Amino acid sequence: MSDVVDPQPAIRRDGIVLGFDVGARRIGVAIGSAFASGARALAVVDVHAAGPDWNRIEALRREWRPDGLVVGDPMALDGGDQPVRKLAQAFARELRRRTGLPVVMVDERNSSQDAARRFAADRAEGKRKRRDAEVLDAVAAAVIVDRWFASPQDATVIA
(Lines give C-alpha, C1' and ligand atoms only; values in the text may rest on other atoms or scores of the structure.)
Protein backbone atom coordinates (compact mmCIF):
# COMPACT_ATOMS: atom_id res chain seq x y z
CA MET A 1 0.00 0.00 0.00
CA SER A 2 1.30 3.41 -0.96
CA ASP A 3 1.29 6.50 1.23
CA VAL A 4 1.03 8.75 -1.83
CA VAL A 5 -2.07 10.90 -1.73
CA ASP A 6 -3.74 11.86 -5.00
CA PRO A 7 -3.09 15.61 -5.24
CA GLN A 8 -6.49 16.09 -6.81
CA PRO A 9 -9.39 13.85 -5.94
CA ALA A 10 -11.84 13.02 -8.69
CA ILE A 11 -14.99 15.09 -8.99
CA ARG A 12 -17.86 13.36 -7.23
CA ARG A 13 -20.30 12.02 -9.82
CA ASP A 14 -23.18 12.64 -7.41
CA GLY A 15 -22.15 16.22 -6.71
CA ILE A 16 -22.58 19.63 -8.22
CA VAL A 17 -20.29 20.97 -10.94
CA LEU A 18 -19.81 24.35 -12.53
CA GLY A 19 -18.93 24.26 -16.21
CA PHE A 20 -17.08 26.89 -18.23
CA ASP A 21 -17.02 27.68 -21.95
CA VAL A 22 -13.94 29.90 -22.32
CA GLY A 23 -13.76 32.57 -24.98
CA ALA A 24 -11.55 35.59 -25.57
CA ARG A 25 -14.32 38.07 -24.58
CA ARG A 26 -16.75 36.03 -22.48
CA ILE A 27 -16.88 32.87 -20.41
CA GLY A 28 -20.15 30.99 -20.27
CA VAL A 29 -20.95 29.35 -16.95
CA ALA A 30 -23.39 26.50 -16.29
CA ILE A 31 -24.44 24.42 -13.29
CA GLY A 32 -25.19 20.74 -13.27
CA SER A 33 -25.68 17.77 -10.98
CA ALA A 34 -26.22 14.08 -11.48
CA PHE A 35 -29.71 14.44 -10.02
CA ALA A 36 -30.88 17.21 -12.32
CA SER A 37 -32.33 16.54 -15.72
CA GLY A 38 -29.32 18.15 -17.38
CA ALA A 39 -27.10 21.14 -16.87
CA ARG A 40 -28.48 24.64 -17.20
CA ALA A 41 -27.02 27.95 -18.30
CA LEU A 42 -26.15 30.10 -15.33
CA ALA A 43 -24.18 33.23 -16.23
CA VAL A 44 -21.82 34.92 -18.65
CA VAL A 45 -18.61 36.36 -17.20
CA ASP A 46 -16.74 39.10 -19.02
CA VAL A 47 -13.07 38.79 -19.95
CA HIS A 48 -11.19 42.09 -19.85
CA ALA A 49 -7.68 43.03 -20.99
CA ALA A 50 -6.39 41.90 -17.58
CA GLY A 51 -8.21 38.57 -17.84
CA PRO A 52 -11.45 37.02 -16.59
CA ASP A 53 -13.59 38.69 -13.95
CA TRP A 54 -12.25 36.45 -11.17
CA ASN A 55 -14.39 38.20 -8.55
CA ARG A 56 -17.55 37.16 -10.43
CA ILE A 57 -16.26 33.59 -10.85
CA GLU A 58 -15.47 33.40 -7.13
CA ALA A 59 -18.94 34.74 -6.27
CA LEU A 60 -20.52 31.98 -8.39
CA ARG A 61 -18.31 29.38 -6.69
CA ARG A 62 -19.34 30.61 -3.23
CA GLU A 63 -23.02 30.71 -4.19
CA TRP A 64 -23.21 27.24 -5.75
CA ARG A 65 -20.48 25.41 -3.76
CA PRO A 66 -19.56 22.95 -6.51
CA ASP A 67 -17.68 19.72 -5.89
CA GLY A 68 -15.67 20.25 -9.06
CA LEU A 69 -15.21 22.36 -12.16
CA VAL A 70 -15.46 21.36 -15.83
CA VAL A 71 -13.79 23.47 -18.52
CA GLY A 72 -14.38 23.02 -22.23
CA ASP A 73 -11.32 22.01 -24.23
CA PRO A 74 -11.66 23.77 -27.61
CA MET A 75 -9.59 21.46 -29.78
CA ALA A 76 -9.46 21.99 -33.51
CA LEU A 77 -11.63 19.55 -35.47
CA ASP A 78 -8.53 17.44 -36.16
CA GLY A 79 -7.80 17.29 -32.40
CA GLY A 80 -4.97 19.80 -32.56
CA ASP A 81 -4.36 23.13 -30.89
CA GLN A 82 -5.74 26.51 -31.73
CA PRO A 83 -5.14 29.85 -29.93
CA VAL A 84 -8.31 29.69 -27.82
CA ARG A 85 -7.27 26.23 -26.56
CA LYS A 86 -4.16 27.71 -24.91
CA LEU A 87 -6.43 30.30 -23.30
CA ALA A 88 -8.80 27.61 -21.98
CA GLN A 89 -5.93 25.50 -20.63
CA ALA A 90 -4.43 28.50 -18.82
CA PHE A 91 -7.88 29.34 -17.42
CA ALA A 92 -8.33 25.76 -16.16
CA ARG A 93 -4.93 25.79 -14.43
CA GLU A 94 -5.65 29.16 -12.80
CA LEU A 95 -9.11 27.95 -11.74
CA ARG A 96 -7.48 24.95 -10.05
CA ARG A 97 -4.92 27.18 -8.33
CA ARG A 98 -7.49 29.72 -7.12
CA THR A 99 -10.18 27.32 -5.93
CA GLY A 100 -8.34 24.17 -4.87
CA LEU A 101 -11.23 22.21 -6.39
CA PRO A 102 -10.85 19.34 -8.86
CA VAL A 103 -10.79 20.68 -12.42
CA VAL A 104 -11.16 18.66 -15.60
CA MET A 105 -11.23 19.58 -19.26
CA VAL A 106 -13.76 18.05 -21.66
CA ASP A 107 -13.66 18.01 -25.46
CA GLU A 108 -16.01 20.75 -26.56
CA ARG A 109 -15.82 20.31 -30.33
CA ASN A 110 -19.20 21.19 -31.87
CA SER A 111 -20.59 22.36 -28.51
CA SER A 112 -21.48 25.74 -30.05
CA GLN A 113 -23.69 24.00 -32.62
CA ASP A 114 -25.31 21.91 -29.86
CA ALA A 115 -25.85 25.08 -27.82
CA ALA A 116 -27.42 26.87 -30.81
CA ARG A 117 -29.84 23.95 -31.27
CA ARG A 118 -30.76 24.01 -27.56
CA PHE A 119 -31.25 27.77 -27.70
CA ALA A 120 -33.45 27.49 -30.80
CA ALA A 121 -35.53 24.74 -29.16
CA ASP A 122 -35.97 26.91 -26.04
CA ARG A 123 -37.06 29.84 -28.23
CA ALA A 124 -39.57 27.63 -30.05
CA GLU A 125 -41.00 26.60 -26.66
CA GLY A 126 -41.16 30.22 -25.50
CA LYS A 127 -38.48 29.72 -22.84
CA ARG A 128 -36.06 32.21 -24.44
CA LYS A 129 -36.29 35.36 -26.49
CA ARG A 130 -34.01 36.58 -29.27
CA ARG A 131 -32.55 39.20 -26.94
CA ASP A 132 -31.35 36.34 -24.69
CA ALA A 133 -28.72 35.42 -27.31
CA GLU A 134 -25.94 36.67 -25.03
CA VAL A 135 -26.51 33.60 -22.87
CA LEU A 136 -25.49 31.32 -25.74
CA ASP A 137 -22.02 31.01 -24.15
CA ALA A 138 -23.65 29.79 -20.93
CA VAL A 139 -25.75 27.31 -22.91
CA ALA A 140 -22.50 26.02 -24.47
CA ALA A 141 -21.14 25.58 -20.93
CA ALA A 142 -24.24 23.48 -20.13
CA VAL A 143 -23.44 21.27 -23.14
CA ILE A 144 -19.91 20.83 -21.78
CA VAL A 145 -21.22 19.82 -18.33
CA ASP A 146 -23.64 17.33 -19.88
CA ARG A 147 -20.77 15.82 -21.88
CA TRP A 148 -18.79 15.34 -18.67
CA PHE A 149 -21.72 13.62 -16.94
CA ALA A 150 -22.14 11.35 -19.98
CA SER A 151 -18.46 10.40 -20.17
CA PRO A 152 -16.35 11.52 -17.16
CA GLN A 153 -13.63 9.00 -17.99
CA ASP A 154 -12.85 10.96 -21.17
CA ALA A 155 -11.98 14.15 -19.28
CA THR A 156 -8.43 15.39 -18.77
CA VAL A 157 -7.58 16.14 -15.13
CA ILE A 158 -5.83 19.44 -14.44
CA ALA A 159 -3.18 19.07 -11.76
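**Exercise 1. Determine in which sense β1 and β5 pair, and over how many bridges.**

Solution. In this predicted model, β1 and β5 are joined by four bridges, and the sense of the pairing is parallel. A residue pair fixes the register: Phe20 has Val71 in β5 as its bridge partner. On to the next neighbour, β5 and β6 run parallel and are connected by five bridges. Here Asp73 stands opposite Asp107 in β6.

**Exercise 2. State how many residues of β5 are buried, and assign them to the two faces of the strand.**

Solution. Step one is the count: six of the six residues of β5 are buried, so the strand is largely enclosed by the rest of the structure. Step two uses a general rule: side chains in a regular strand alternate between the two faces of the sheet. Step three applies this to the strand: Gly68, Val70 and Gly72 lie on one side, while Leu69, Val71 and Asp73 lie on the other. Buried residues thus occur on each side, and both faces of β5 are covered.

**Exercise 3. Give the strand order of the sheet and identify its edge strands.**

Solution. The seven strands are arranged as β4-β3-β2-β1-β5-β6-β7 in an open sheet with mixed pairing. The edge strands are β4 and β7 (156–158), each of which pairs on one side only. At the β4 edge, β3 and β4 run antiparallel and are joined by two bridges. In this pairing, His48 stands opposite Gly51 in β4. Along the chain, the elements follow the succession β-β-β-β-α-β-α-β-α-α-β from the N terminus, giving four helices and seven strands.

**Exercise 4. Which residues of α1 are buried, and why do they lie on the same side of the helix?**

Solution. Helix α1 comprises residues 54–64, and its buried residues are Trp54, Ile57 and Leu60. Around the axis they cover an arc of only 120°, which puts them on the same side of α1. The face turned away from this buried side carries Asn55 and Glu63, which are exposed. The packing partners of the buried residues are β1 (16–22), β2 (26–33), β3 (40–48), β4 (51–52) and α2 (83–99). As for orientation, α1 lies across β1, β2, β3 and β4 and runs at about 155° to β3. Just after the helix, Arg65 adopts a positive phi of about 45°.

**Exercise 5. Describe where α4 packs, how far it is covered, and how its length agrees with the expected span.**

Solution. Helix α4, residues 136–150, packs on the sheet and touches β1, β2, β3, β5 (68–73) and β6 (103–107). Its direction makes about 40° with that of β2. The helix is mostly covered, with 12 of its 15 residues buried. Among them are Asp137, Val139, Val143, Ile144, Asp146, Trp148 and Phe149. For the length, 15 residues at 1.5 Å a residue should span 21 Å; the end C-alpha atoms are 21 Å apart, which agrees.

**Exercise 6. What percentage of the residues of the protein chain counts as buried, and what share of its contacts joins residues 24 or more positions apart?**

Solution. Of the 159 residues in the protein chain, 42% count as buried. Among contacts with a separation of 6 or more, 66% involve residues 24 or more positions apart. The surface completes the account: the chain exposes about 8900 Å², and carbon and sulfur atoms supply 50% of this area.

Technical notes
Residues numbered from 1 in each chain as written. Predicted model: local features only at pLDDT ≥ 70, side-chain atom pairs only at ≥ 80, totals over all residues. Heavy atoms only, no water. Buried < 20%, exposed > 50% of the residue type's maximum accessible area, 1.4 Å probe, protein only. Arc of directions from axis to C-beta. Contact = heavy atoms within 4.5 Å. Pairing = 2+ DSSP bridges. Axes fitted to C-alpha atoms, helices over the stretch in contact; angles between N-to-C directions. Expected span 1.5 Å × (residues − 1). Areas by Shrake-Rupley, 256 points an atom, 1.4 Å probe, with all protein chains shown as cover.
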